[in-house]
Each structure stands twice: as structure tokens, then as C-alpha cells.
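Biologist: I should be grateful for a close look at a single part of this structure, namely its cysteines. Please describe how they are bonded and in what surroundings they lie.

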Amino acid sequence: MGLNGCGQISKCIVILFNIILAIDGLVMLGLGLWLRFSAETRGYFDIDMNTKQFVVGIAVLIAIGALMLIIAAFGDYGACNESRTALGIFAGLLAFLIILEIGSGVWVFTQSKEVADNLAEFYATVYAQYINKRDPSLKFTLTVINNGLSCCGIGGGLEPFVRDTCPKMSFLETFTYPSCVNVITDLFESKAPVILGFFLGNAAIMIATLICSLSLSKAIDHRNSTPPPYQLLSITTPSPSTNPLISPMPSVPMQHYI
């Protein structure tokens, strides 16, 4: 007997969620490994000044990406093969990830000023090292940050030292383009509630998926414990020795005729 309607819907939701989770985990893991071991970005870890926050951030990125891949593997296997054991492991790991997601959001919200200061300090460190060494990996770092945040160095549009890493801007934008240090600080201080909402939104989606996985596990258990609606009956022909109403045929001696 197959799953009921609720079980089928829960199964589809769990499979779809784990496909998205696997893609996100693969991207995070690949990005973290690339930032850590790529020849272009290895200079991040060789900066002389304090960049502990960045190194820890890369390690967390790799760990979370690997955890998301493991969770997605158990979730998809449990849903596709309707295995309650795999679904139980998936539910436990997903609950841990939900707690981690909520905790990270609350920590970023409550420590938004400290996080902003650490990131701004990291940017200033990379900026200073690039001016001194002109290292290609540091130039790549500044180019990614400047273009991603639409800012330019420490001096803004009038930045004289790292102009080649900034986005293209018109003549009028030169006087209004913001400094990356100010942009990073404002991003985490003024938009901390938005960042918290992002973390809590992801946690809400995970909670809904966790409920669906528990519903699917319950539907599988109900299916396995419910007997089938019909049973096959075998028809046997009674033998004469066991049925008193049927008397055995008398044996007739064979006559031989010449």
C-alpha cells in the first residue's frame, strides 16, 4: 500500500528542499575551499595584520557547506527510499542546523557593530597591504569587494591608490561614490534587522521542512503497520480421508476375459 496524500506531499517537499540545500551547500563548500587553497586568494591568509575573523569565517563557510551536503544526502535518500532511519538522522541534523542558523542571526544582530568593525578592519588591512605589495591576490580581493558593494577604496570616488579595482563611474559619480569602509559599517549597523530577518526566514523554511519530514516518517510507519485491505485465500480440495461426507470409491477387481 502506498503513502496517503499528506505523505506524498511531504515527500515531494522534502526532496525539493534537499535538492536546493545540496546546491547551496556545494556552492558554499566550493567557495570556501577556493578561497582557502586557490593560488589567487592564498594571499588572504598571508596578510601580516590581524585577519583572524576572516580566517575563521572561511573555516565556518567550509564546515557549514559540508554539513549542508551531508544533511541533503540523508534527506534525499530517506525520502526517495522511504527510510525512517535516514529520515530520523536528517531530522536531527536539520534541527541542529536550525539552531545554528537562529544563533548566528541573533549573534550578528546583537554584535552588529563589532562585526562591522571587524570587516571594515579587514578591508583596511587588505587595502594597506595592496598599496605596499601590489600583490595580484590582494587586487582580486579588492576588486570583488569594491564591485560587490559598489564602493571604492577608502577615499570613495576620489580614491587615488586603488582606482583600478573600483567599478566604472561617470564624472559626476566621482564626487558622490562612497568609501567601502563606510559602506561596510553602514551595511551591518543600519541593516542589522534585515540581516536578522534573512537568518530567521531561512530557519522558518527549515522548520517547515522538518515538520514535513516528521509527517513523512509517520506516514511510512502507518503504512507499514496497517494490514492490506484484502488477503489472498488459497482453495484446497479436501481429501476423502479427511471429509466424512465423501466415501472412498470401492475398488472393483479387474476381470480378465479370454
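Modeller: A disulfide is counted where two cysteine sulfur atoms lie within 2.5 Å of each other. Such a link is a covalent bond between the sulfur atoms of two cysteines. The model is predicted, and every value below is computed from it.

The setting comes before the bonds. The protein chain has seven helices and zero strands, and 37% of its 258 residues count as buried. Among its contacts with a separation of 6 or more, 71% are between residues 24 or more positions apart. The part in question is centred on the loop that runs between helix H5 (136-149) and helix H6 (180-190).

A search of the whole structure finds two disulfides. One of them joins Cys-151 to Cys-180, with an S to S distance of 2.0 Å. This link is right-handed, with 95° about the S-S bond. It connects distant parts of the chain, since Cys-151 sits in the loop between H5 and H6 while Cys-180 belongs to helix H6, 29 residues apart. Both Cys-151 and Cys-180 are buried.

The other disulfide is formed by Cys-152 and Cys-166, whose sulfur atoms are 1.9 Å apart. Here too the link is right-handed, with 80° about the S-S bond. The pair is 14 residues apart, and both Cys-152 and Cys-166 are in the loop between H5 and H6. Cys-152 and Cys-166 are likewise buried. When the bonded cysteines are counted along the chain, the pairing follows the pattern 1-4, 2-3.

Two further cysteines deserve mention. For Cys-6, the closest cysteine sulfur is that of Cys-212, at 7.7 Å; this is too far for a bond, because a disulfide requires sulfur atoms within 2.5 Å. Cys-6 is partly exposed, with a relative accessible area of 47%. For Cys-12, the closest cysteine sulfur is in Cys-80, at 9.9 Å, so that pair is also too far apart for a bond.

The loop holds another backbone feature worth inspecting. Ser-150 has a positive phi of about 55° although it is not a glycine. Most residues other than glycine have a negative phi. Ser-150 lies in the loop between H5 and H6, where Cys-151 is also found. With a relative accessible area of 41%, Ser-150 is partly exposed, whereas Cys-151 is buried. A comparable case is Glu-82, which is not a glycine and has a positive phi of about 55°. Glu-82 is placed in the loop between helix H2 (52-81) and helix H3 (84-110).

From Cys-180 in helix H6, one may follow that helix to its neighbour. H6 and helix H7 (residues 192-225) pack at an angle of about 65°, and their axes are 4 Å apart. H6 contributes Leu-187, Phe-188, Glu-189 and Ser-190 to this contact, and H7 contributes Ala-192, Pro-193 and Ile-195. These residues divide into five nonpolar, one polar and one charged.

Three of the residues named there also touch Ser-112. Leaving aside neighbours within four places in sequence, Ser-112 is in contact with Phe-188, Glu-189 and Ala-192. Ser-112 lies in helix H4 (residues 112-133) and is buried, with a relative accessible area of 12%.

An aromatic pair is also present. Rings are paired when their centres lie within 6.5 Å, and by this rule the count comes to one aromatic pair. Phe-198 and Phe-199 form it, edge-to-face, at 6.0 Å centre to centre with 80° between the planes. Phe-198 is exposed, at 54% relative accessible area, whereas Phe-199 counts as buried at 18%.

The record offers some further context. An unreviewed UniProt entry places the feature "transmembrane region" at residues 12-34, 54-74, 86-109 and 194-216. In the model, residues 12-34 are 100% helix and 0% strand, with end C-alpha atoms 33 Å apart. Residues 86-109 are likewise 100% helix and 0% strand, and their end C-alpha atoms are 34 Å apart.

Methods
Residues are numbered from 1 along each chain as its sequence is written. This is a predicted model: local features need pLDDT of at least 70, side-chain atom pairs count only at pLDDT 80 or more; totals for chains, interfaces and linings use all residues. Side-chain values use heavy atoms; hydrogens and water are left out. Rings of Phe, Tyr and Trp (its six-membered ring) pair if their centres lie within 6.5 Å; planes under 30 degrees apart count as stacked, over 60 as edge-to-face and the rest as tilted. Buried means under 20% relative accessible area, exposed over 50%, partly exposed in between (1.4 Å probe, protein chains only). Helices (H or I, at least four residues) and strands (E, at least two) are DSSP runs, numbered from the N terminus. UniProt positions are given in the numbering used here, feature names are shortened, and annotations may be inferred rather than shown by experiment. Contact means heavy atoms within 4.5 Å. Axes are lines fitted to C-alpha atoms, for helices over the stretch in contact, and angles run from 0 to 180 degrees between N-to-C directions. Ala, Val, Leu, Ile, Met, Phe, Trp, Tyr, Cys and Pro count as nonpolar, Asp, Glu, Lys and Arg as charged, and the others, Gly among them, as polar.
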